[in-house]
Amino acid sequence: TETYNVAVSLCAGPKGYKAALKLLDDMKERGVPRSTQTYTSLMKACLSVEKTDLALKLFGELLDEGFRPDLLTYHNLMDVYGRLREWQNVMQILDIIKAEGLQPEVRTYNVAIVACARCDRIVEATHVLELLFEAGVEPSVSTYTSLVALFCRLGQMAGSALLLDDMQRHGIQPNVITYSALINGCAQVGDVRGALDIFAKMQELKCKPSLVTYNTLLKACSMSSDWASAMLLWRQMELSSCRPD
RNA sequence: GGCGGCAAUGCUC
């Protein structure tokens, strides 16, 4: 069982999920017992290629075989429902986790926030952060970055600024991903100036921009037809060790 | 005891 579980867990990517499913058939044929983890890893493999229907089916099989879902299973399940835009189910799973006596972790809430974010549900995503605090769990950079990214994607820059303050009050420093999300927000609302300001701040803080950062900055410029800034950024990008792809 | 899970842009279909 363990050998198979490890093999299944290594199956990610476009081809991986098929290999993983083959392993499951193999286990059944040879009478190798499955486990919660077998199915959870299989769900993950399916999610990596957005096969949400298959992931749901595997969750069903897990239950049919009489296994108890663990935290990770529920994380994957929330991921599924996020992709299906079924945020009500995401919130419900948080309740189920509690009801089952499982101990939620930061990641539990992070996954829930991302799932709500996929559904553009700002209210629910924000509520998840409150639930985290109620549970006495410490937020992480990812927690705040996921929320900030949602606000930014929807152009709610005032809200994202409040979150950034809140984050720092909790002693969490934004990283390159957080800043990239904020730059994306500036892009959404056509604020090239703001995007460049954040970029400047990153340099001050010695926060190394990534390829995504540059792509996002260029997007901000192109959405406002600011070709002069775009050219400057392109040059900067070449000077740094970032190569366009 | 070990193993499996989280966040940012665009492109593609």
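The exchange below concerns helix packing and RNA contacts in a predicted model.

Modeller: In this predicted model, local features need pLDDT of at least 70, and side-chain atom pairs count only at pLDDT 80 or more. Side-chain values use heavy atoms, without hydrogens and water.

Colleague: Why is helix 6 called roughly parallel to helix 8?

Modeller: The two pack at an angle of about 5°, with axes 11 Å apart. Angles run from 0 to 180 degrees between N-to-C directions, and those under 35 degrees count as roughly parallel. Helix 6 is therefore roughly parallel to helix 8.

Colleague: What makes the contact between helix 6 and helix 8?

Modeller: Trp87, Met91 and Leu94 of helix 6 meet Glu124, His127, Val128 and Leu131 of helix 8; contact means heavy atoms within 4.5 Å. By class, five of these residues are nonpolar, one is polar and one is charged.

Colleague: Which residues come nearest to RNA strand B?

Modeller: Gln37, Leu72, His75, Arg107 and Asn110, out of 27 residues around the strand. A residue counts as near if one of its heavy atoms lies within 4 Å.

Colleague: What makes Asn175 and Asn215 polar contacts of RNA strand B?

Modeller: A polar contact is a pair of N or O atoms within 3.5 Å. A side-chain N or O atom of Asn175 is 3.0 Å from a base nitrogen, and one of Asn215 is 2.8 Å from a base oxygen. Both pairs therefore meet the cut-off.

Colleague: How many residues of each class form the surface near RNA strand B?

Modeller: Six nonpolar, 14 polar and seven charged.

Notes:
Residues numbered from 1 in each chain as written. Chains lettered and ligands numbered in written order. Helix = DSSP H or I, 4+ residues; strand = E, 2+ residues; numbered from the N terminus. Parallel < 35°, antiparallel > 145°, perpendicular 65-115°, else oblique. Nonpolar A, V, L, I, M, F, W, Y, C, P; charged D, E, K, R; others polar. Polar contact = N/O pair within 3.5 Å; in protein donor to acceptor, adjacent residues only side chain to side chain.
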